[in-house]
Each structure stands twice: as structure tokens, then as C-alpha cells.
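Q: Hey, can you walk me through this one? I'm new to looking at structures.
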Amino acid sequence: MNNSPFKVLIHRPVAISMFFLALVLLGLFAMYRIPPQLLPPLTGERLYVRFQRPGSPPDVIEREILLPLEARAGELAGLAETEGEVRGEQGSMQLQFEKGSNYRVRELELRQIAAELTRTQPQGTIINVSSQDFSALSR
């Protein structure tokens, strides 16, 4: 005789449906009962910089793009933390700002820094600045 655990699932569809309905109701109940202070705020106070310089080794990219970018970005008001890395012909950098700082203005300033740095690089070098806005989710 075949005593497969899936046999119960096949022969008792109403019981299985009720079980999953109970799980969904329990999840909805819990979602409305969790105090908002226990949910982490999603803030958009982080900026991202991606850069690429085709045909250049990683040490050159670090020396001529990442280090100058970190030095200039370090002058931005409200900067709490930076993290950068280079992999092959491309790299990235994340900038975390203090809560309450106007990161939209910092994003504009960082775009200006990236544009100035791009002008000093060989043709084909790309430096992009981006952000993610989570303010609608954390209300």
C-alpha cells in the first residue's frame, strides 16, 4: 500500500484549504497587531554610485575613480558612512546619510561631483548616481 504524505493532500482538499485560509487570517491579524515601532523604517537616505571604465585594470579604477569620488563625497553634509568596491572594469559605492538630512540635495551635489570626475576620465567612462525612494512605504 502506498503511504505517501501527499495522499492526505489529495484526499482531503477541504481540510487543506481550511488550513491555508487559517494561516492567511492569522497573518492578517498579526499584521495589524504589530506595533509600528517594531517595523523598521524604510528610508531613502542612501545614494548609490556605479562606475565603469572599459579596458582599465581594477587598481587604476580604484585610484582614478573610487578614491577621488570618496574624497569629494566625504565633504557632503550629513554623510554618515560610505562603502565602495571595484570588480574588474566596474565598481560601485554606497553613501548613507544621517536621518533627517536632505538627501535629494546631496544627490544633486553627488551628480555634480560625478559629472566633474567624468570629464577628467578617458572617453567611455561612465559614472551613474541613483537613489531609491522608500518614503511611500514607511508612512
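A: Sure. One term to start with: a contact means heavy atoms within 4.5 Å. Also, keep in mind that this is a predicted model.

Q: Okay, so what covers the buried residues of H3?
A: The cover includes strands E1, E2 (79–87), E3 and E4, plus helix H4 (103–119).

Q: And which residues in H3 are buried?
A: Those are Val60, Ile61, Ile65, Leu66, Leu69 and Ala73. As for the helix itself, H3 spans residues 58–73.

Q: Let's pick Leu69. Why does it count as buried?
A: Its relative accessible area is 0%, and buried means under 20%, so Leu69 counts as buried.

Q: What does Leu69 touch, leaving out residues up to four places away in sequence?
A: Leu69 touches Val49, Phe51, Met93, Ile113 and Leu117.

Q: How far apart are the C-alpha atoms of Leu69 and Val49?
A: They're separated by 9.3 Å, and the two residues are 20 apart along the chain.

Q: Back to H3 for a sec. Where is the kink?
A: At Leu66, shortly before the proline Pro68. The kink is about 30 degrees.

Q: New topic: the strands. How do E1 and E3 pair, parallel or antiparallel?
A: Antiparallel, over seven bridges. E1 is residues 46–52 and E3 is residues 90–97. Phe51, one of the residues that Leu69 touches, stands opposite Gly91 in E3.

Q: And how many bridges join E1 to E4?
A: Six, and those two strands run antiparallel. E4 covers residues 126–131.

Q: Which residue in E4 is the bridge partner of Arg50?
A: That's Asn128.

Key
Residues are numbered from 1 along each chain as its sequence is written. This is a predicted model: local features need pLDDT of at least 70, side-chain atom pairs count only at pLDDT 80 or more; totals for chains, interfaces and linings use all residues. Side-chain values use heavy atoms; hydrogens and water are left out. Helices (H or I, at least four residues) and strands (E, at least two) are DSSP runs, numbered from the N terminus. Buried means under 20% relative accessible area, exposed over 50%, partly exposed in between (1.4 Å probe, protein chains only). Two strands pair if DSSP finds at least two bridges between them. The bend at a residue is the angle between axes fitted to the seven residues ending there and the seven starting there.
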